[in-house]
Amino acid sequence: MQQREEVFAKLAEVYDPELDQSLTELGFINQVAINGSDVTVSFRLPTYWCSPNFAFIMAEDIRDRISELPWVKKVAVCLEDHCASAEINEGVSNGKTFVETFPDMSSGQLDELRKTFRVKAFVSRQERLLRHLIRLGFTHSSILDLTIRDLLELPNLESEGIMLTKQYLSIRQALGYDNEPKKIAFIQSDGKKLDLESFPGYLANIRRTRLSMEFNGHYCRGLFETRYSMEPLSELEVCK
Amino acid sequence: MFKTADGEEIFVIDGHIALWDGSPENQLNIHGAQFINCFYDYHKNLSPAENLWPKDKFEKYDADTLVNDLFVKGYVDMAIFQPVFLTDFYKNGFGDIEKNAELAKKYPGRFIGNGTFDPRDGERGLEYLEYLAVNHGVKGVKLYTAEWRGSSKGYKLTDPWAQRYLEKCEQLGIVNIHVHKGPTITPLNRDAFDVADIDDAASSFPGLNFIVEHCGLPRLEDFCWIATQESNVYAGLAVAIPFIHTRPRYFAEIISELLYWVGEDRILFGSDYALWEPKWLIEKFMAFELPEDIQQETGANLTLSVKRKILGENAARLYGIDIEAQKAKIRSDKVAIRG
């Protein structure tokens, strides 16, 4: 039982890069089978056509996160009902890279794509927090002056604000900016400073990113629920 | 025609409809089954319960059903066919330009039958494009850049052959290029965030209009960005508009965003029939008001005049339709009488 919990804790660290939500939260994990030191994880996506590159990233992250568990020797990943299921399952379970898996259909690895979507996640988490602060009555200039310490010590942030702060700071760090207390809290994704004059334009731009990401979340979740709610859970046997 | 409570007439052009055959008899392989299943999931997910179709009707419906749903029940005055063939998935194609043309002939003034091309068809396809322009008077094409063709999983508008096709379109007066921006265009690693090909094509062909169907969803953000840069890029609302029912607040955010970045003159209504029926979409859209906080944030306003543009005037401009003349023409045709 404990092994199972450990596996699920690891799966909670795997995110759909396009939606910035974890696979466990999204319900994408269909089944986990543990046989001694072998773990098989099956997962499924909202449509048969979901971009193979994102599917590959998720499959690879499942494999890598679970492999971090000391007792695990072998991880098999099984993406179900997808137009590239066969290639992705074979590739990821045998430790192949994206380019090795799709030699004729790729012109490089997925690092750039990962980076692009990490930046989008940063921007959209930042926007949600900024919106929250503005709604609470903070002025633009007071927001831009906040250090990390100020942000962490703000009174009356409400539980939503505390959660948004936590999410923002974690991606801020993932993007390579340290969260030292004296550092300015709000910076652009490339590390540049924000200034008061261009801040309204900046807000409009980042709103577009946040909205796009959130909208995709609704879109994908809705399709996922529609696709699977009426059907019986498919068995692991399907992919053997 | 939609009439407001004050008796004002709103002329409606449905910019995105299809008469398809996704039935099991026509499916070539599992991809054909999965394609229509995915469409059906969209339909089920976003339609109001009272507008759900049974699966077999959804897979294949007849022309009478279409005419009835659009023109008799659905307030639509004119509709634009946006065909896709999907020849790797369906035996006789998913859409059929000749069937569309027959229907257009039977109901004069009601349909605009667009064509389609695939640059991977080479010289042969250029000839076909010419045939479409000469024999069917085609003024627009629907492009499905994610269409599979053997080992190829899609193409880009920047491919040399695509450029030749766009040049040909310009020569033939096919000025409206409707591009479905959906998932999977090779190479796969660049997929899902790259809309640069629309940007590039729109700059290279300023004489053509690029209507991005589904506003680039799920890449709304990138779409807004290029549409702001290029004045000949338009937003097709198909797939975005049904969110008005399940997620009204998100729809409000989306439409405000489009109004803010793209502007009221470059947004086109499309039901994506038979994915969704225009009747409920139009009723809900006409009744829709933007929440005040969103209005304040973006400064966008969804007035009656804006709705009028989105529902008909913008498409009319692109297709050279004189709305008053058209109203007179169809006022007493056989469909209007049925209504």
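Which strands of chain A does helix 1 of chain A lie across, and at what angle does it run to strand 3? In this predicted model, where local features need pLDDT of at least 70, side-chain atom pairs count only at pLDDT 80 or more and totals for chains, interfaces and linings use all residues, residues are numbered from 1 along each chain as written. Chains are lettered from A and ligands numbered from 1 in the order written, and side-chain values use heavy atoms, with hydrogens and water left out.

Helix 1 (residues 2-11) lies across strand 3 and strand 4 of chain A, at about 140° to strand 3; helices (H or I, at least four residues) and strands (E, at least two) are DSSP runs numbered from the N terminus, and angles run from 0 to 180 degrees between N-to-C directions of axes fitted to C-alpha atoms, for helices over the stretch in contact, contact meaning heavy atoms within 4.5 Å.

Strands 3, 4 and 5 of chain A form, in that order, an open sheet with mixed pairing, where pairing requires at least two DSSP bridges. Its edge strands are strand 3 (29-35) and strand 5 (74-80). Strand 3 pairs with strand 4 (residues 38-44) in the antiparallel sense over six bridges, and I34(A) has V39(A) as its bridge partner.

Turning to helix 10 of chain A (residues 199-229), we find N216(A) in it, buried at a relative accessible area of 3%, where buried means under 20%, exposed over 50% and partly exposed in between (1.4 Å probe, protein chains only). Not counting residues up to four places away in sequence, N216(A) touches E18(A), L19(A), L217(B) and P218(B).
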